[in-house]
Structures are given as structure tokens and as C-alpha cells.
Amino acid sequence: MDSDEEERIPISERPEWSDVKPMPQNDGECPVVPILYSHEFKETMDYFRAVYFNDERSPRSLSLTSEAIHLNAGNYTVWHFRRLVLESLNADLHEELDFVENVAKQNSKNYQIWHHRRWLAAKLGTEAIAKELEFTKKILSLDAKNYHAWSHRQWVLQALGGWENELEYCHQLLRDDVFNNSAWNQRYFVVTRSPFLGGLDAMKDSEVDYTIDALVAHPENESPWRYLRGLFKNDLKTWANDPRVSQICLKILNTKNKCIFALSTLLDLICHGFEPSPEFNEAVDALKNDDVGSSSSSLAETICLVLQNMDPLRVNYWAWRKTQLPSVIV
């Protein structure tokens, strides 16, 4: 039976269920706050309990779990029993993927759906790669920050494969929306994990250039600033002395753009050994206002004071950073 039909035939009136005695929910003798279930939900679950406790792994049980899931897609017991039935019937798991996709249209953040989907993909192995990548792509086109979809996609890549076009997929997402922090995160995942790209060391140089292009276009976008630092996570000294990093900070600051991220990055560079030329002092001085005095003895201190003024939500943090500056610093 198709549970989406407009005219639903009650289970008790279906000939194929005439031999089954429904099992009502046991709420005890005096339930404090009994739940007013709909008749359809109550009947479906009463029959489900009957087949579940009898461990009936039959086609009608599979059909019944479909109805129960459409009524409550978060019932983990129903999903668990459905997996047992699927295995016992040696069911077509490709058809099951289609079933899950249909359910996910209205429940894309349901843990049980994604757990079931992963179980199916693991069973199918490499046969599932293309379908799983396309499925997550559909979900992400509707919600670019769906954690479940990203987690599933990363699992598929690591467990089954499909890395070949993943960097291009990330690039496409960032072309569509450079502020998509999930796409930046996925790009880093691909660069550091893909067996086809050679790892972070092999990709670092081109990725730095890619990130700087993004920063030039949108310096207020925090994601590429974080991404840029992540590219040097194992060697912050190299990060501090890569001229491309310091120069993008200077370029943005010279536009008199009050970019918190450019300033905070410059501060971090100095704290990790970067020795700024006078032009950096000039760029920062141009951002000062009357609230920032001229008594600070170093560029790092001046940056902290400017950030306290520019970033009032974290004023205490920048004040603390000022107290943590190395004793000998430019």
C-alpha cells in the first residue's frame, strides 16, 4: 500500500492483516498526561508493535514500517526493525535509497534518516558513491549548512571514495557564494585528505593564491582569513614570513578599510616573528581616531588599541591580548 494515497484504508480493514492482533501502547494504569494520538498513528503503531515483538520479517512488515516512518520519521525503533527486515528479505537497497531520499525531502535534519542512509551506503559499497554524492548535493543546494549532509558526504569520500571531482565541487560552491563557510571547510578537508592532490604541502602554494584572491574581493569575509591561517597550521613561522600574507593585510589596510580580520591577522603575524616595515605603521596609524592615543610604544600595541575601538564586542579580549604581547616586539 502507498501511504501517500489520499484515501487510506485502515489496517484493520485490510485482508492481509486480518490474522494480526494489534498491540496497544502500555501507558500504565493511570497515565499522568496521556498523549492524544491520531487514530491513524495509534493504529499503525499498534500493528507495528505486534509484528515487532513477533519479529515478523515479511514484506507486509516492511510496508508497515514505511507507513510508520511517514507518520514519525524520528522513531529509531522503526528504522532499526526496517533494517532487520531489509536484510532478511534481501531487498533491493537501491530502491531503499530512493525511499530515504523521498523521506528526507521533509526531514533533512533527522538523525535516523542519515544513520539509515549510511548503513545502506556501507552495504552497497562503491556502488553507492555516485548516488550518495548526488544526494548530498541536492540537500546542500537547499541548505548549504546542513551538518548531516556534510558529515555524510565526508564519510562517503573517506569510506567509499569519489574524491576526483570534489575540489571542483567546492570551487563551484564558492563561486556561487564565497561566504559559504561550510564550503571553505570542505575545501580544507579535500586539500588535506584527498589521495589525489598530494596533501597540504603540495597544495599550499596554489591555495594561498586562491585564498588571497577571495580576500581581495571580500576582505570582510572571515572564512578565507581562517582558511589562510589553516594552510600553515603546522608551521606558523612560515605563515608569519610569507610575504603574500603580510602584503594582503597591508593592501586591505591601505584602502582605509577598517577590516578587523586584516588587523588581527597582522597582529598574529607580528607575534609569530614578522618584522613589519614602516609602511605597516603608516597604514595602522591611518585607522586611529581620537580614542586611540599616540603613546603606544609598538605597532602591536597600537593594533590592540585600534581593535578595542573597532571591535567593542571583544574589547576585553583585545585588552587581554595587549597584556600578552612578547616583551620585545616591534
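Is Trp-184 buried or exposed? Select Trp-184 to begin the tour of this predicted model, and the answer is that this residue counts as buried, because its relative accessibility is 3%.

**Trp-184 and its surroundings**

Trp-184 belongs to helix α9, which covers residues 181-193. With neighbours within four places in sequence set aside, display the residues in contact with Trp-184, which are Leu-174, Val-178, Tyr-210, Thr-211, Ala-214, Asn-221, Ser-223, Pro-224 and Tyr-227. Then add Cys-170, 14 residues away from Trp-184 along the chain, and the distance between the two C-alpha atoms will read 7.4 Å.

Keep Tyr-210, which is one of the residues in contact with Trp-184, and select Arg-187 next to see its charged end placed over the ring of Tyr-210, at 3.6 Å from the ring centre.

**Helices α10 and α13**

Now select residues 200-217, which form helix α10, together with residues 243-253, which form helix α13; their axes come within 11 Å of each other and cross at roughly 5°. With that crossing angle, α10 is roughly parallel to α13, because angles under 35 degrees count as such.

To see what makes the contact, show Asp-205, Val-208, Asp-209, Ile-212, Leu-215 and Val-216 on the side of α10, and Arg-244, Ile-248, Lys-251 and Ile-252 on the side of α13. If these residues of the α10 and α13 contact are coloured by character, 6 will appear as nonpolar and 4 as charged, while no polar residue takes part.

**The aromatic cluster**

Turn next to the aromatic rings, of which the structure holds 15 pairs. One of these pairs is formed by Tyr-52 and Phe-53, whose ring centres are 5.4 Å apart and whose planes stand at 75°, an edge-to-face arrangement. Tyr-52 counts as partly exposed, with 29% relative accessibility, whereas Phe-53, at 57%, counts as exposed.

From Tyr-52, move to Phe-81: the ring centres of this pair are 5.5 Å apart, and the planes meet at 85°, so this pair too is edge-to-face. The pair joins distant parts of the chain, since Tyr-52 lies in helix α1 (residues 39-53) and Phe-81 in helix α3 (residues 76-89), with their positions 29 residues apart in the sequence. Phe-81 counts as buried, because its relative accessibility is 0%. Adding Phe-48 to the selection completes the picture, as Phe-48, Tyr-52, Phe-53 and Phe-81 form one aromatic cluster.

A further ring to select is that of Trp-17, over whose face Arg-60 lies at 4.8 Å from the ring centre.

**Two loop residues with positive phi**

Most residues other than glycine have a negative phi, and the next two stops depart from that pattern. Select Asp-55, in the loop between α1 and α2 (59-71), and its phi will be found near 50°, a positive value in a residue that is not glycine. Asp-55 is partly exposed, its relative accessible area being 40%.

Then go to Asn-90, in the loop between α3 and α4, where phi is again positive, at about 50°, although the residue is not a glycine. Asn-90 is exposed, with a relative accessible area of 68%.

**Helix α4: Glu-96 and Val-103**

The last stop is helix α4, residues 93-104, where Glu-96 is the residue to select. What is the relative accessibility of Glu-96? The value is 4%, so Glu-96, a charged residue, counts as buried. Apart from neighbours within four places in sequence, Glu-96 is in contact with Arg-82, Leu-86, His-116 and Leu-120, and these four can be shown alongside it.

Val-103, also found in helix α4, is buried as well, with a relative accessible area of 4%. Which residues should be displayed around Val-103, leaving aside its neighbours within four places in sequence? They are Ile-69, His-70, Ala-73, Trp-79 and Ile-113, each in contact with Val-103. Ile-69 merits a distance label, since its C-alpha atom and that of Val-103 are separated by 8.2 Å, while the two residues are 34 apart along the chain.

Note on methods:
Residues are numbered from 1 along each chain as its sequence is written. This is a predicted model: local features need pLDDT of at least 70, side-chain atom pairs count only at pLDDT 80 or more; totals for chains, interfaces and linings use all residues. Side-chain values use heavy atoms; hydrogens and water are left out. Rings of Phe, Tyr and Trp (its six-membered ring) pair if their centres lie within 6.5 Å; planes under 30 degrees apart count as stacked, over 60 as edge-to-face and the rest as tilted. Buried means under 20% relative accessible area, exposed over 50%, partly exposed in between (1.4 Å probe, protein chains only). Helices (H or I, at least four residues) and strands (E, at least two) are DSSP runs, numbered from the N terminus. A charge sits over a ring if NZ of Lys or CZ of Arg is within 6 Å of the ring centre and within 35 degrees of the ring normal. Contact means heavy atoms within 4.5 Å. Axes are lines fitted to C-alpha atoms, for helices over the stretch in contact, and angles run from 0 to 180 degrees between N-to-C directions. Angles under 35 degrees count as roughly parallel, over 145 as roughly antiparallel, 65 to 115 as roughly perpendicular and the rest as oblique.
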